[in-house]
Amino acid sequence: MTWRPLLEGDLAIRSLQAVEDVARALESYTPPADDLRYPSLAGGAAGEAVLHAYLALHNGDEHQAERAAALLETAAQVLATTVMPPGLYSGFSGVAWVVEHLQARLFEPDPEGDDPNREIDDALLAYLSTLTEPDEYDLISGVTGLGVYARERLSYPSGAVLLERVVDRLVTQAETGPEGTTWFTPPNRLPEWQREIHPKGLYNLGVAHGIPAVVALLAIACRGGVAADRARPLLDGAVRWLLAHQLPVGKGSCFGTSFVAGEDSAASRLAWCYGDPGIVSRYSVSLAARFFIGFPLWIQ
């Protein structure tokens with residue numbers, strides 16, 4: 001993968017200094033013992049390990065590499081003794097994603113060839129086999145997030161099987177109509193504040209909880225040749241549906257946060273989890289995979 005810097009000159013130097021300041025501040029922080037987020041990717045040691053690891057890869061700082069290794073070991077130890085949900089951001093698949101992602105970039109492979117995440121694959125496959133009703137499909141805690149972990153494991157047979165099962169779940173829950181293919185979020189899967197606004201549910205347009213992340217994952221499956229016969233029709237239909245729900249020019253953003261038939265869609269803030277930047281980055285992944293020109297890291 002080739003990186004292209006977004007910042008140059010003095011602005012790049014100042015930005016890197018800010019990141020290093022954050023990393024140093026985190027070293028002095030000890031989370032409360034009862035903080036259930038502590039080992040996680042989104043709010044804990046696994047996510048912090050990614051930060052320190054990429055600083056080490058950027059500047060060759062051995063201390064940052066050691067800090068990343070220590071944090072990842074801590075996350076793995078806590079995971080071994082703590083019941084966590086399967087989701088990517090706050091669950092055990094996120095910790096496993098970091099292990100898989102960093103071992104090829106920062107850590108030496110196991111000389112005995114042991115696979116540290118095989119049990120995770122088995123657990124996730126077992127979990128998916130229990131899903132008989134429509135369930136959470138999103139990136140944060142749903143099957144799309146599990147697909148992100150599976151994509152990191154495609155060099156192993158179990159990773160490909162896991163991604164195929166995720167695609168099958170997305171096939172099961174998809175809705176296809178004149179505008180294309182989409183996924184509905186019923187009211188029981190909305191937080192209370194959002195359920196009060198949309199008591200009948202909605203179609204989510206944010207990367208964190210909605211359709212743009214599904215678009216990117218389906219593109220990755222197609223690019224990897226995993227369940228492409230099912231993923232490709234879904235991908236084409238999902239891209240058509242998403243583009244059909246752009247806001248009119250002058251609304252303040254290209255996409256809103258959600259779509260509900262018969263209601264006006266408000267403009268979204270400029271952010272990653274909801275907003276045009278996240279949608280554009282995931283749509284770029286889709287285009288890249290569909291035309292076989294490579295794709296960037298999912299989480300950077």
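Where is the place of Gly147? The legends below take that up first, and they all describe a predicted model.

**View 1. Gly147 sits in helix α6.** This glycine is buried, and its relative accessible area comes out at 0%. Buried here means under 20%, so Gly147 clears that bar. Leaving aside residues up to four places away in sequence, Gly147 touches Leu163, Val166 and Leu217. If you want a marker further along the chain, try Ala238: it is 91 residues away from Gly147 in sequence, and the two C-alpha atoms are separated by 17 Å.

**View 2. Helix α9 covers residues 211-224 and is largely enclosed by the rest of the structure.** That description holds because 12 of its 14 residues are buried. The buried ones run through Ile211, Pro212, Ala213, Val214, Val215 and Ala216, then Leu217, Leu218, Ala219, Ile220, Ala221 and Cys222. What about the span of α9, and how far apart are its end C-alpha atoms? At 1.5 Å a residue, 14 residues should span 20 Å, and the end C-alpha atoms are 20 Å apart, so the two agree. Just after the helix comes Gly225, with a positive phi near 70°.

**View 3. The largest nonpolar core brings together 63 residues.** Those touching the most other members are Trp97, Val98, Leu170, Trp183 and Leu218. Helices that each supply at least two residues of this core include α2 (45-59), α3 (62-81), α4 (92-103) and α5 (118-129). Also on that list are α6 (143-152), α7 (157-173), α9 and α10 (228-244). Which helix gives the largest share of this core? That is α9, with nine residues. As general background, nonpolar side chains tend to be buried together in soluble globular proteins.

**View 4. Zoom in on Val98, a member of that core.** Not counting residues up to four places away in sequence, Val98 touches Leu41, Ala46, Ala49, Val50 and Leu72.

**View 5. The second largest pocket holds about 370 Å³ of space.** Of its 23 lining residues, Trp193, Gln194, His198, Thr257 and Ser258 are the closest to the pocket centre. Both α8 (192-197) and β4 (258-259) supply at least two lining residues each. The largest share, three residues, comes from α8. Sorted by class, the lining is a mix of eight nonpolar, nine polar and six charged residues.

Methods: Residues numbered from 1 in each chain as written. Predicted model: local features only at pLDDT ≥ 70, side-chain atom pairs only at ≥ 80, totals over all residues. Heavy atoms only, no water. 1 Å grid on protein atoms, 1.4 Å probe; cavity = no way out; pocket = protein on both sides within 12 Å on 5 of 7 lines; lining within 4 Å. Points joined across faces, edges and corners; volume = space filled by probe spheres on them. Helix = DSSP H or I, 4+ residues; strand = E, 2+ residues; numbered from the N terminus. Nonpolar A, V, L, I, M, F, W, Y, C, P; charged D, E, K, R; others polar. Expected span 1.5 Å × (residues − 1). Buried < 20%, exposed > 50% of the residue type's maximum accessible area, 1.4 Å probe, protein only. Core = buried A, V, L, I, M, F, W, Y, C linked by side-chain atoms within 4.5 Å. Contact = heavy atoms within 4.5 Å.
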